[in-house]
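Visitor: Could you take me through one part of this model up close? I'd like to see how the pieces of a metal site come together.

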Amino acid sequence: MQNNLRINGERLSWRLAELATKGAIEGGGVARLALSDADRQGRDLVVSWMKELGLAVTIDGVGNVVGVRAGREDGPLVMAGSHIDTVATGGRYDGNLGVMAGLEVIATLNEAGIVTRRPLAVAFFTNEEGSRFQPDMLGSLVYVGDLPLTQALATPAIDGARLGDELTRIGYAGPAPVGKPGVHSYVELHVEQGPVLEAEGFTIGAVEGVQGISWTEFTISGQSNHAGTTPMRLRHDAGYAAAEIATFARRLAREIGGNQVATVGALTLSPNLVNVVADRALMTVDLRNTDEARLQEAEKRLFAFADEIAASEGVEITRRTLARFEPVAFSAPLVARVEAIAREFDLPVKRLPSGAGHDAQMLARVCPACMIFVPSVKGISHNVKEYTAPDDLTAGADVLLRLLLEMAE
Ligand code: HGY
Ligand code: MN
Ligand code: MN
Ligand code: MN
């Protein structure tokens, strides 16, 4: 009976569409920055669905929400999860799919009257994206006990708010303790957010791990001056120094090779006026690589270049690490099961690393964890045009259902 069990794809798509109305933006995307009002609306909707499905809902000190379905026995949780916060130009699938598919699994088991041996859980973690508060995956890092709650609550947002105050403001500062996860195994369904599965004609990705991530914020202080009267040799131009660092980062990615990526996503100049040499620049550089040694080499060269530019332009450059996670390998037996189940369902499946960070990489610190990818159309994500075909959403959720059933017996 259980082997033929499949999820209800229409209901899954319906939930995703409903959730996407919370923080909906032009173009069909979603803006639900962590702990914003839109995030609260999304949280309230998902919590109401968890309760409708009969889950026992707990909220912990950093706002992580876990819905538990009792098993025939007590014990560690077999968990599906992800995040429902988004970037400011987000799509409706990044993170949301893993949580909605988890709820769909619960609904399917409720309908089938199946009670698993181990308890099942569906979780969403606070601030996975790391856009508003850094680091990313902050909530799941606290959940597994590797970031102290007090430190997390003191985290400043890029808009100046304090994480703990925002949590209280939206009513999600919960009583449940953090750092004692009690998870037996963790499976996260997620859109690939890259071009590989679609380009090579695969439906399922058996994700072998997550690449290393290094986020650095540079503050460049120069001297504001008149754009017309100041000779070039007398300038200490923070804007120019920032531009040099940005072009160096792009060159670095090419030179380091492999799957090295480098991104300058945030760059603000002040006073940001057409006729004033900038005296201050604030910029971020996101470096990633599956190979830790290469990632360290990229960081070393970037920091050395920044020191050179500081000296040659006569500006002061300070840097702050916003996030730094080494590459993570997922549980080999679980990755093999994702592959085997996909094959059993006649779904073309490929093993691949994840270019994006995910909560699964934090859960992997405390239990066997894995991820299931489904294709992103044109590899687009962190963009309102993010899209995954309903059949692929359903296929991924069916693989999730089967793997959770295996883990929970
Ligand atoms: O940036 C990331 O990899 C993720 O979306 N937090
Ligand atoms: Mn995500
Ligand atoms: Mn994301
Ligand atoms: Mn992510």
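**A close look at the two manganese ions**

Guide: Let's start with Glu 129, which is buried, with a relative accessible area of 8%. Keep in mind that this is a predicted model. Glu 129 is one of the residues that hold the manganese ion (ligand 3): the donors are Asp 94 (OD), Glu 129 (OE), listed twice, and His 382 (NE2), at 2.2 to 2.5 Å. Along the chain, these donors follow the spacing D-x34-E-x252-H. The pair Asp 94 and Glu 129 links distant parts of the chain, 35 residues apart. Asp 94 sits in the loop between β5 (77–82) and α3 (96–112), while Glu 129 sits in the loop between β6 (120–124) and α4 (138–143).

Now stay with Asp 94, because it is buried too, with a relative accessible area of 5%. Asp 94 does double duty here: it bridges the manganese ion (ligand 3) and the manganese ion (ligand 2), which lie 3.6 Å apart. Leaving aside residues up to four places away in sequence, Asp 94 touches His 83, Glu 129, His 190, Val 191, Gln 193, Ser 381, His 382 and Glu 386. Look through that list and you'll find Glu 129 and His 382, which also coordinate the manganese ion (ligand 3).

Hop across to the other ion. The manganese ion (ligand 2) is coordinated by His 83 (NE2), Asp 94 (OD) and His 190 (NE2), at 2.0 to 2.3 Å. In sequence, its donor residues are spaced H-x10-D-x95-H. His 83 and Asp 94 each lie in the loop between β5 and α3, so this pair ties together parts that are 11 residues apart in sequence.

His 83 itself is buried, with a relative accessible area of 0%. Its contacts, again not counting residues up to four places away in sequence, include Asp 94, Glu 129, His 190 and Asp 359. Phe 124 and Phe 125 are also among them.

What does the database record say about this place? In an unreviewed entry, UniProt lists His 83, Asp 94 and His 190 under "binding site". Those residues span 108 residues in sequence, yet no two of their C-alpha atoms are more than 9.9 Å apart, so they gather at one spot. And these are the residues we just met as donors of the manganese ion (ligand 2).

So when you turn the model around, try finding Asp 94 to begin with, since it coordinates both ions. From there, look for His 83 and His 190 around ligand 2, then Glu 129 and His 382 around ligand 3.

Technical notes
Residues are numbered from 1 along each chain as its sequence is written. Chains are lettered from A and ligands numbered from 1 in the order in which they are written. This is a predicted model: local features need pLDDT of at least 70, side-chain atom pairs count only at pLDDT 80 or more; totals for chains, interfaces and linings use all residues. Side-chain values use heavy atoms; hydrogens and water are left out. Donors are N, O and S atoms within 2.8 Å of the metal (3.2 Å for Na, K and Ca); water is not among the atoms, so sites may look incomplete. Helices (H or I, at least four residues) and strands (E, at least two) are DSSP runs, numbered from the N terminus. Buried means under 20% relative accessible area, exposed over 50%, partly exposed in between (1.4 Å probe, protein chains only). UniProt positions are given in the numbering used here, feature names are shortened, and annotations may be inferred rather than shown by experiment. Contact means heavy atoms within 4.5 Å.
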